[in-house]
Amino acid sequence: MPASPSTARAINDRLALRLLQQEGPLTAGQLKQLTGLSRPTVADLVERLTASGLITVVGEAGEQRRGPNARLYGIVADRAHLAALDVRTESVSVTVSDLLGRELAGASVPIGGDTGTGPAVEQAVTLVERVAKEAGAERLHTVGIGAPGLIDPDTGELRDSTGLPAWHRRLVAALQERLPRARVIVENETNLAALAEQRDGAARGRDTFVLLWLGHGTGAAVVLDGALRRGASGGTGEIGFLPVPGTGGVPSATDCGGGFHSLAGAAAVTELARAYGLSGEQGGREPAAAELVRRAAEASGEASADEVASERGARAADFLDALADRVALGVASVVAVLDPGCVVLGGEIGQAGGDVLAGRVAERVGRMSPLRTEVRASALGGGAVVRGALLTARERAQDELFAPAGPPTHPTR
């Protein structure tokens, strides 16, 4: 059946808004060319979207032409402000942006392991409010949260997980209480990192890939045929629990010790580096394990006549070989089950290892599996989580703001 006039208008409006989001400010003539719509139809939608406060004149086209220059229309960026949170075991980072995704302010705070649940939640909520104020946001439209743990596929809520701080779950409810007009959504951190890598990073152009998170803990995000897969209980990618050789034990339902986490988590990587005589400074700008891997990747390729430097480079290369042996066990397991064709080594450690570590892992996986698999280093590292949370918040906000006018709907998580 042909679309009704109101449905056709809604489709045209959303198409124009998406083009303005992706391409930046456009003239009415450019919108006509890109949409294929008639001039009167474009004129009507421009008038409609301007009246609704979604677009405005942001300048003039610099074309050499007779008469006045054509007006450039753009999305009203401050129509909505968004917040993105990266919630870690002992810290939280916040970024606030406008509707176009331009970051306006950001900050992080450490939250010690001995901090009580109430004070930890208050620190995090206060940080969100402070960053929003610094960004000039009177209110937040949507808040996206990336956190470790399982997300219940039925409720969209963070499930109670052994070993994770209790304040993580309390934070979502506290934000909803303090920001009653905002939509608060939460997603697994690794899944958000994968979305960011697909949009802006190492997985750009891929509709099927796996991101293997290598940071404080380990995890995996699975994207198949363009869709993020969460599983029946939200646990797709809990690779830290994968039983692997070399750990001296097996994981349990409540403890991933003895699983892949015991080989490739940050603590295990740091211990492995020490075994090869490598050490790094604590309290730097990146986690200790990532710093060790980054320095090893830099030193492994150095050739020097200096005996000490040559010895250090040899130890670094041996360490990276041993680390690649471990990481390859997780990658090969994922490849055998999913055949994704591409695995991104994500997180701070994956980014720190760069092409040096990715190349070593790819070579080992090539020997272990008949399935051709490209292994890439993360382009975004630990910053992928907050970037993914921001992208998700923006998509949700735009879905609501760009929707045709109609009966009010209740926001869903």
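# Exercises on cavities, a pocket and salt bridges

The structure holds two cavities of 30 Å³ or more. A cavity is a set of 1 Å grid points, over the protein atoms alone, where a 1.4 Å probe fits but cannot get out; a pocket is an open set with protein on both sides within 12 Å along at least five of seven lines, and lining residues have an atom within 4 Å of a point. The model is predicted: local features need pLDDT of at least 70, side-chain atom pairs count only at pLDDT 80 or more, and totals for chains, interfaces and linings use all residues. Residues are numbered from 1 along each chain as its sequence is written, and side-chain values use heavy atoms, with hydrogens and water left out.

**Exercise 1. Find out which residues line the largest cavity and how much space lies in it.**

Step 1: Start with the space, which comes to about 50 Å³ (the volume filled by probe spheres set on points joined across faces, edges and corners).

Step 2: Now walk along the chain to collect the lining. You'll meet Pro-148, then Leu-158, Arg-159, Asp-160 and Ser-161. Carry on to Leu-164, Pro-165 and Ala-166, and finish with His-168 and Arg-169.

**Exercise 2. Work out which elements build the lining of the second largest pocket.**

Step 1: Get a feel for the pocket itself: its volume is about 430 Å³, and 21 residues line it.

Step 2: Look towards the centre. Glu-187, Leu-195, Arg-230, Thr-392 and Arg-396 are the lining residues nearest to it.

Step 3: Pick out the elements (DSSP runs numbered from the N terminus: helices are H or I, at least four residues, and strands are E, at least two). Two or more lining residues come from each of strand 6 (142-147), strand 7 (183-188), helix 6 (189-200) and helix 12 (384-401).

Step 4: Helix 12 gives the largest share, five residues.

**Exercise 3. Take the salt bridges apart: which residues pair up, and are they buried or exposed?**

Step 1: Searching the whole structure turns up 24 salt bridges (a side-chain nitrogen of Lys or Arg within 4 Å of a carboxyl oxygen of Asp or Glu).

Step 2: Try Asp-98 and Arg-102, whose side chains meet at 2.9 Å, N to O. Asp-98 has a relative accessible area of 4%, so it is buried (under 20%; exposed is over 50%, partly exposed in between, with a 1.4 Å probe and protein chains only). Arg-102, at 47%, is partly exposed.

Step 3: Go to helix 4 (residues 117-134), where Arg-130 and Glu-134 sit four residues apart, about one turn of the helix. Their closest N and O atoms are 3.0 Å apart in a salt bridge. Arg-130 is partly exposed at 38%, and Glu-134 is partly exposed too, at 48%.

Step 4: Glu-363 and Arg-367 form a salt bridge as well, at 2.2 Å, N to O. Why are they about one helical turn apart? Because they are four residues apart in helix 11 (residues 347-368). Glu-363 is partly exposed at 39%, whereas Arg-367 is exposed at 58%. Salt bridges with shared partners join these two with Asp-321, Asp-325, Arg-360 and Arg-364 into one network.

**Exercise 4. Check the predictor's confidence along the protein chain.**

Step 1: Mean pLDDT (confidence in each residue, from 0 to 100) is 89, with 92% of residues at 70 or more.

Step 2: Among the elements, helix 1 (residues 5-23) has the lowest mean, 86, and strand 11 (residues 342-346) the highest, 98.

Step 3: Finally, spot residues 406-413, where the pLDDT is below 50.

Technical notes. Contact means heavy atoms within 4.5 Å.
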